[in-house]
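Welcome to a short tour of the structure below. Have a look at the chains first, and then let's walk through them together.

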Amino acid sequence: MKVLEVRGLKTGYRPKGGAENVLLENFNLTAEEGELIALIGANGAGKSTLLRVLAGLQEPRSGAAEWFGKSLPKIPVNQRPRYAASLFRNFAKADGMSVYDLVALGRHPYTGMFGRLRDEDREAVEHAMTLTGISDFRARQAATLSDGEFQKAMLAKLLAQDAPLMILDEPATHLDLPAAVDLLRLLNRLSADHGKTVIFSTHNIAPVFKLVRKIILLDGRGNYASGTPEQLSEHHLMCSFLRTDKVRVENGNLIYNFDNK
Amino acid sequence: MRIRFAAIALLAGLLFFLSIFLGSVYVSPAEVWQSLTGGEAPLLSQKIVTAVRLPRALTAALGGGGLAVAGLLMQTLFRNPLAGPSVLGLSSGASLAVAVTAMGGTGLVFGYYTQTIAAVIGSTAVLLIILAVARRFADVTVVLIVGLMLSFFTSAVVGLLQSVADESSLKAFVYWGFGSFAGVGTAQMPVFAGPVIAGILLSALLIKPLNALLPGEMHAKSMGVNTGRLRLAVMGITGMVTGVVTAFCGPVAFIGLAAPHFARMTFGSVNHGIILPASLGIGAVLGLLCDLIARRPFADTGIPLNTVCAFMGAPVVIYLIFAGRRKKWLI
């Protein structure tokens, strides 16, 4: 089933009185059920912008995203959290909230008018905390967590939301390398075993090339490349992104010469 | 949690009855009880209880509770522990309007209703300005700063009016500024209680979106909250409740600011499902308590309500904010 589809998408911005700055043009993407897609590219290449558009949180310059075959503008805003859960980085640290309360926010789309949790909601919260390994922090104040722990709590919130489409903007930020790889494995498991469609952006390209089968690279000037790690390694955008003249993949390991220029 | 809610309810109930049973005129408890239950009691006692003390206690409880709810909504919306009904400039707008009618030589007969209507117009006018600013600027800090500046501006105009006012109207205005829960009689009660209760009930509908707002506006949007509409709803409720309470009771200070902090501290939570009713209850307790102290039931003369509120409120708010920063239960 097509979970997410975009055709001819254009993103960018126009500074007041300035010329239009196109980040991405003629972008097409179809994401099937259970697919895991990594989004990579330099800082400012428009990864977050694209993810916000896909999550329905920002209007594209042209084109439109479809969720489950339905054009996004036709899905009422208050129903969207049941279809897609998204995690962006500019959130406040939720002072005063316990970790449990924070994760429980993910159950909002399913609770009644006053947000009271039922047994199944509590189960989903427990499950999400177990998956992300934060069960021991449940009673701690979210504001006292380290950045990495807080990131895991937000991730657990996203899992508790239990939406078929998950959109994550740099979920591995603040995580140590093993934790970042664990996260990638978790996303892999969510897509493979639970049929979630997961799209995330990251700067950690080495583990992505090893563990993810579909990668999209943005260059921030309107172009993009998409494909398997092997296909991408042969694309000229990959060389210019890494500022090198040769990229290859060997046994899933990304190999390139970074002092070439 | 239930025990703490029960304790707040008990305390509010106790203070409510205390303020009905106590007063500068002695009415025996038996007579009070008979007046309340419609039994046989001397006419004077009956009048004192049902026409003076009961409406006053109701006003204190509702006014305190309403201001507390307004304060909580604003603290969450502005992500600022110092936001409160008086900070947005609503009470200042009301003050200015009252000052104009009282001292501006408008030729209006200075009376109870002129004052009330003027206060409502004043706070509504400020609310409209704030709403216009909120529409143009997504940033809530801008709105907060504009509100603060508006209150500086209005107090400057009030100061100007005071400097030229004659003695009797100056006195009347100063008395209004003292604040009092005594101004709502049985006849005015529906006009006072209606909007305040409506505001409190409407705010219960905002529990979920306000919770979603706690980790930031982006999070709220990703949870399907229409943040623009939420902002309008909070402003509308806050403006209505503050406007009406200020009109009838004067610019009551500190209760709206302090009660939500008390609620967070008492319950160790920022979940609005808990602290909205808690703020309401604690606001009612504070309103009744401040009023009881201000009336000094065992003395002949009272002291201004706002004096009591500030004496109790200012140190408490400082303590709450220090403690809250340490324990991280603050917004």
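## Where the two chains meet

Buried area is the accessible area that two parts lose on being put together, summed over both. This model is predicted, and in it chain A and chain B bury about 2200 Å² between them. Carbon and sulfur atoms carry 65% of that area. On the chain A side, A:Asp95, A:His108 and A:Phe114 lose the most area to chain B, and together they make up 23% of what that side buries.

How many residues does each chain bring to the contact? Chain A brings 31 residues and chain B brings 24 residues. Turning to charge and polarity, the rule finds 0 salt bridges across the interface of chain A and chain B, while 4 residue pairs are in polar contact there. Two helices of chain A, H3 (99-104) and H5 (147-161), are the elements that give two or more residues to the side touching chain B. H5(A) gives the most, with 3 residues. By residue class, that side of chain A divides into 15 nonpolar, 12 polar and 4 charged residues.

## The nonpolar cores

In soluble globular proteins, nonpolar side chains tend to be buried together. Here the largest nonpolar core has 93 residues, and those with the most contacts inside it include B:Phe78, B:Leu88, B:Phe173 and B:Met235. Helix H3 of chain B, residues 43-78, gives the most to this core, with 14 residues. A second, separate core has 60 residues, with A:Leu36, A:Leu145, A:Val208 and A:Val247 among them.

If you would like one residue to click on in the largest core, try B:Phe173. Leaving out residues up to four places away in sequence, B:Phe173 touches B:Ser95, B:Val98, B:Ala99, B:Ala102, B:Met103, B:Val158 and B:Gln162.

## B:Thr154, a polar residue inside chain B

B:Thr154 is found in helix H6 of chain B, which covers residues 140-164. Is B:Thr154 buried or exposed? B:Thr154 counts as buried because its relative accessible area is 5%, and buried means under 20%. The side chain of B:Thr154 reaches the backbone oxygen of B:Ser151 at 3.0 Å.

Beyond its sequence neighbours, meaning residues up to four places away, B:Thr154 touches B:Ser92, B:Gly93 and B:Leu96. The C-alpha atoms of B:Thr154 and B:Ser95 are 7.9 Å apart in space, although 59 residues separate the two in sequence. B:Ser95 also appears in the list of residues that B:Phe173 touches.

## A:Ser201 and helix H1 of chain A

Over in chain A, A:Ser201 lies in strand S8, residues 197-201. A:Ser201 is buried, with a relative accessible area of 0%. What does the side chain of A:Ser201 have 2.9 Å from one of its polar atoms? The backbone nitrogen of A:Glu170 lies there. A:Glu170 is also one of the residues that A:Ser201 touches, as are A:Leu39, A:Lys47, A:Leu51, A:Leu168, A:Asp169 and A:Pro171, with residues up to four places away in sequence not counted.

Two of those contacts, A:Lys47 and A:Leu51, are among the buried residues of H1(A). Helix H1 of chain A, residues 47-54, is mostly covered, with 7 of its 8 residues buried. Along with A:Lys47 and A:Leu51, the buried residues include A:Ser48, A:Thr49 and A:Leu50. After H1(A) comes A:Gly56, whose phi is positive, near 75°.

## Salt bridges

Side chains of opposite charge can pair when their charged atoms come close. A search of the whole structure finds 18 salt bridges over all chains. One of them joins A:Lys2 and A:Glu5, at 3.6 Å from N to O. Its two partners sit in different settings: A:Lys2 is partly exposed at 41% relative accessible area, whereas A:Glu5 is buried at 15%.

A:Arg140 pairs with A:Glu149, the closest N and O atoms again being 3.6 Å apart, and A:Arg140 is partly exposed at 31%. Between A:Arg248 and A:Glu250, the closest N and O atoms are 2.0 Å apart. A:Arg248 is partly exposed at 36%, and A:Glu250 is partly exposed at 40%. Finally, a network of salt bridges links A:Arg107, A:Arg118, A:Glu120 and A:Asp121.

Technical notes
Residues numbered from 1 in each chain as written. Chains lettered and ligands numbered in written order. Predicted model: local features only at pLDDT ≥ 70, side-chain atom pairs only at ≥ 80, totals over all residues. Heavy atoms only, no water. Salt bridge = Lys/Arg side-chain N within 4 Å of Asp/Glu carboxyl O. Buried < 20%, exposed > 50% of the residue type's maximum accessible area, 1.4 Å probe, protein only. Core = buried A, V, L, I, M, F, W, Y, C linked by side-chain atoms within 4.5 Å. Helix = DSSP H or I, 4+ residues; strand = E, 2+ residues; numbered from the N terminus. Contact = heavy atoms within 4.5 Å. Buried area = accessible area lost by both parts, 1.4 Å probe. Polar contact = N/O pair within 3.5 Å; in protein donor to acceptor, adjacent residues only side chain to side chain. Nonpolar A, V, L, I, M, F, W, Y, C, P; charged D, E, K, R; others polar.
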